[in-house]
2 protein chains.
Amino acid sequence: MSITTNDIAKICQVSRTTVLRALNNQGRISEETKERILKTAKELGYRPDLLARGLVKGRTMYIGVVVFDVKNQYFAQMLSAIETEAQKQGYSVNITLHDKNKTKEIELIRKLADYHMDGLILSPVNEGEEFAHFLKNLGIPLVIIGNKVSDTLPFVGIQEKEAAKEAVEKIIKTGYEEVIFVCPPLGGIDEGNIFTHRERLAGFCDVIAANTKISSQILSNYDYIEEAKKIVKDSGKKTAFFCSGDIFALEIMKELKKIGMKTPRDYGIMGFDDIEFLNYITPRLSTIYNSVEEVSRTAVKLLIRQMQGESVSMNYFENYHIIDGETL
Amino acid sequence: MSITTNDIAKICQVSRTTVLRALNNQGRISEETKERILKTAKELGYRPDLLARGLVKGRTMYIGVVVFDVKNQYFAQMLSAIETEAQKQGYSVNITLHDKNKTKEIELIRKLADYHMDGLILSPVNEGEEFAHFLKNLGIPLVIIGNKVSDTLPFVGIQEKEAAKEAVEKIIKTGYEEVIFVCPPLGGIDEGNIFTHRERLAGFCDVIAANTKISSQILSNYDYIEEAKKIVKDSGKKTAFFCSGDIFALEIMKELKKIGMKTPRDYGIMGFDDIEFLNYITPRLSTIYNSVEEVSRTAVKLLIRQMQGESVSMNYFENYHIIDGETL
DNA sequence: TTGAAAGCGCTAACAA
DNA sequence: TTGTTAGCGCTTTCAA
């Protein structure tokens with residue numbers, strides 16, 4: 001149904017090769033035939049078949065992206081930045097989602113590879129060496145963003161642990177006597193890659209270990225909100241929550257507000273990520289800006305360098321910084 | 001570099017057709033050769049080339065999706081639902097973004113068509129008959145979601161106008177003497193398709209026309225927040241804002257809070273969309289639930305019916321309902 | 001300046 | 001049960 005170079009060739013009484021030369025504007029060709037061909041091509045609404053081109057060229061000018069959740073604004077910002085940067089560099093982006101399903105994630109990655117994506121950007125829930133091996137076996141350039149899989153795969157992110165340390169130190173310096181690390185299970189079918197959260201916890205623990213007078217606790221259950229309530233009500237100390245993700249902080253603030261507890265009057269709280277939505281929340285949540293846009297842009301650039309055959313390092317870190325809000 | 005049916009055929013000493021029969025498990029083939037072929041295929045890590053398959057089959061089992069913004073949670077929820085439903089039906093989804101750039105939008109749609117997406121789901125910023133004509137000319141099934149383009153293209157959404165009417169009526173019934181419709185320019189390179197907002201405005205106007213004692217005003221400038229402040233401070237009346245989108249409502253609430261004005265004490269306010277993020281905002285915003293998930297699922301089903309050759313109607317409306325929050 | 005031919009990897013109709 | 005052949009629409013090399 002759709003028009004091909006063959007059709008044009010027949011109509012213009014020339015060979016397909018000639019048609020191609022006109023269309024792609026390469027090779028020697030007389031102005032006259034070229035004009036004629038281009039005119040009919042336009043009239044007929046010719047469009048090149050990108051599947052065919054991809055098949056023969058071996059590349060598609062497409063970057064595949066796999067993330068698990070787009071309702072989380074962190075990923076929304078990431079996708080938006082990736083798309084913009086990729087388009088700037090002449091690539092299209094194919095985004096796919098899997099809602100934290102590990103098996104589906106692998107299927108999606110495979111399918112993108114089978115479709116000859118020129119490169120992949122992944123923020124995976126799978127982890128471990130087997131998965132890393134699977135990725136390397138795909139034989140196509142890729143970049144991991146956020147959830148590190150292995151030291152042998154190019155990764156872009158921030159120094160999560162350092163950032164967490166700085167945050168906890170700040171909390172302590174502000175005068176809090178007790179710091180609670182909050183990171184509930186992340187939902188989804190299986191637990192998933194929680195590299196970032198592990199790193200943040202490690203940073204937290206480091207600082208706590210170095211400050212023996214500070215009490216601490218780790219909330220990692222689904223009912224972290226109930227526990228948070230108890231802590232604020234019962235603990236006689238000045239308490240602050242350090243949440244591994246802004247959303248958890250917002251949940252706590254919302255629920256504590258219901259029982260009349262306000263931050264920073266009754267407790268301190270800090271998030272992580274600085275998602276755009278925080279702008280609509282009062283009081284302004286203190287958090288850590290994680291440069292998701294920069295990270296995304298770097299990932300695209302790094303991927304393209306690989307696609308051009310360059311060899312690249314395995315770790316790229318963007319800057320982060322603490323956002324002084326009103327909740328400490 | 002990657003392994004093809006040809007390679008397997010050579011190794012197994014059979015024809016490519018036989019290999020295919022084994023792989024696709026169709027046609028008569030001896031158990032023994034089949035086993036042999038499948039074994040080597042597995043050993044070599046054979047994967048079918050989807051570009052080649054798509055080229056010859058004329059279909060790719062892919063649905064292309066084009067939206068302009070994923071940071072807006074309305075679209076995030078939409079994409080998530082589309083992806084889930086499509087996967088359930090055996091299709092993959094290719095999501096692309098363009099940040100409200102009309103030209104880019106057309107390019108993206110074209111490219112997806114050139115890549116033989118089996119169908120498209122669009123929520124376009126372009127509008128008008130020329131655009132509708134362009135879409136129909138693509139010759140591939142498609143569904144418009146949210147921003148209606150033309151009565152001649154299948155559309156899924158809600159009855160925006162009716163919903164707006166109901167909302168404004170509710171506001172009036174609650175006792176407000178002045179109702180302000182809020183819909184600032186939507187940003188982006190050009191104005192874009194604002195079908196939904198136009199419809200909502202129409203509903204607003206209808207109700208206002210029928211209630212002559214109610215004062216009204218329309219805020220449609222970038223500085224709607226400043227104007228909103230003035231109105232609440234100066235107007236002696238009981239005033240409510242009806243915002244064509246939750247985000248505008250949140251902006252107003254945030255800024256008015258800064259000058260000590262609170263809802264519902266000092267003014268009433270209502271949003272539109274019921275984005276998930278509202279759960280983190282207090283007081284709970286009154287708004288309209290627009291069934292974005294149902295709309296998305298219907299869009300996918302409708303698209304697939306078209307891809308299977310069925311003819312479909314042009315308008316599908318899902319239910320909406322008013323969410324009674326604490327801001328009226 | 002133009003054309004012929006081979007091939008990308010797969011499917012599908014027809015033969016043997 | 002297996003193989004042969006043609007073809008999807010394009011690119012690319014070589015020849016005219």
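In this predicted model, the side chain of Thr18(A) places an N or O atom 2.5 Å from a phosphate oxygen of DNA strand C. Chain B also reaches the backbone of this strand: a polar side-chain atom of Tyr46(B) lies 2.6 Å from a phosphate oxygen of DNA strand C, and a backbone N or O atom of Asp49(B) is found 3.3 Å from a phosphate oxygen of that strand. The elements that contribute two or more residues to the surface near DNA strand C are α2 and α4 of chain A together with α2 and α4 of chain B.

Thr18(A) and Tyr46(B) also appear among the closest residues to DNA strand C, alongside Arg28(A), Arg16(B) and Leu20(B). In total, 24 residues surround DNA strand C. The largest share of this surface, 4 residues, is supplied by α2(B). Sorted by class, the surface near DNA strand C consists of 9 nonpolar, 9 polar and 6 charged residues. Of the atoms of DNA strand C within 4 Å of the protein, 51% belong to sugar or phosphate, and the rest belong to bases.

DNA strand D is likewise surrounded by 24 residues, the closest being Arg16(A), Leu20(A), Thr17(B), Thr18(B) and Arg28(B). Sugar and phosphate make up 55% of the atoms of DNA strand D that come within 4 Å of the protein. Chain A supplies several phosphate contacts here. The side chain of Thr5(A) has an N or O atom 2.8 Å from a phosphate oxygen of DNA strand D, and a polar side-chain atom of Arg53(A) lies 2.9 Å from a phosphate oxygen of the strand. A polar backbone atom of Asp49(A) is 3.3 Å from a phosphate oxygen of DNA strand D.

The phosphate contacts described above are collected below.

| Residue | Part of residue | DNA strand | Distance to phosphate oxygen |
|---|---|---|---|
| Thr18(A) | side chain | C | 2.5 Å |
| Tyr46(B) | side chain | C | 2.6 Å |
| Asp49(B) | backbone | C | 3.3 Å |
| Thr5(A) | side chain | D | 2.8 Å |
| Arg53(A) | side chain | D | 2.9 Å |
| Asp49(A) | backbone | D | 3.3 Å |

At the level of secondary structure, α2 (16-24) and α4 (50-57) of chain A, with α2 (16-24) and α4 (50-57) of chain B, each provide at least two residues of the surface near DNA strand D. The largest share, 4 residues, comes from α2(A). By class, this surface contains 9 nonpolar, 9 polar and 6 charged residues.

Chain A is assigned domain 1 (5-48), domain 2 (60-156 + 292-315) and domain 3 (160-289). The C-alpha centres of domain 2 and domain 3 of chain A are 29 Å apart.

Chain B contains an open sheet of 4 strands in the order β7-β6-β8-β9, with parallel pairing. Its edge strands, β7 (215-219) and β9 (268-270) of chain B, each pair on one side only. On average, neighbouring strands of the sheet are turned by 15 degrees against each other, direction ignored. Strands β6 (residues 178-182) and β8 (residues 239-243) of chain B run parallel and are joined by 5 bridges; within this pairing, Val179(B) stands opposite Ala240(B).

Two helices of chain B pack on the sheet. Helix α9 (residues 195-210) of chain B touches β6, β7 and β8 of chain B, and its direction makes about 165 degrees with that of β6(B). Helix α10 (residues 224-234) of chain B also touches β6, β7 and β8 of chain B; its direction makes about 160 degrees with that of β7(B).

Terms used: Residues are numbered from 1 along each chain as its sequence is written. Chains are lettered from A and ligands numbered from 1 in the order in which they are written. This is a predicted model: local features need pLDDT of at least 70, side-chain atom pairs count only at pLDDT 80 or more; totals for chains, interfaces and linings use all residues. Side-chain values use heavy atoms; hydrogens and water are left out. A residue is near a molecule or strand if one of its heavy atoms lies within 4 Å of it. A polar contact is a pair of N or O atoms within 3.5 Å; within protein, one must be able to donate a hydrogen and the other to accept it, and residues adjacent in sequence count only if both atoms are side-chain atoms. Ala, Val, Leu, Ile, Met, Phe, Trp, Tyr, Cys and Pro count as nonpolar, Asp, Glu, Lys and Arg as charged, and the others, Gly among them, as polar. Domain bounds come from an automatic or database domain assignment. Two strands pair if DSSP finds at least two bridges between them. Axes are lines fitted to C-alpha atoms, for helices over the stretch in contact, and angles run from 0 to 180 degrees between N-to-C directions. Contact means heavy atoms within 4.5 Å.
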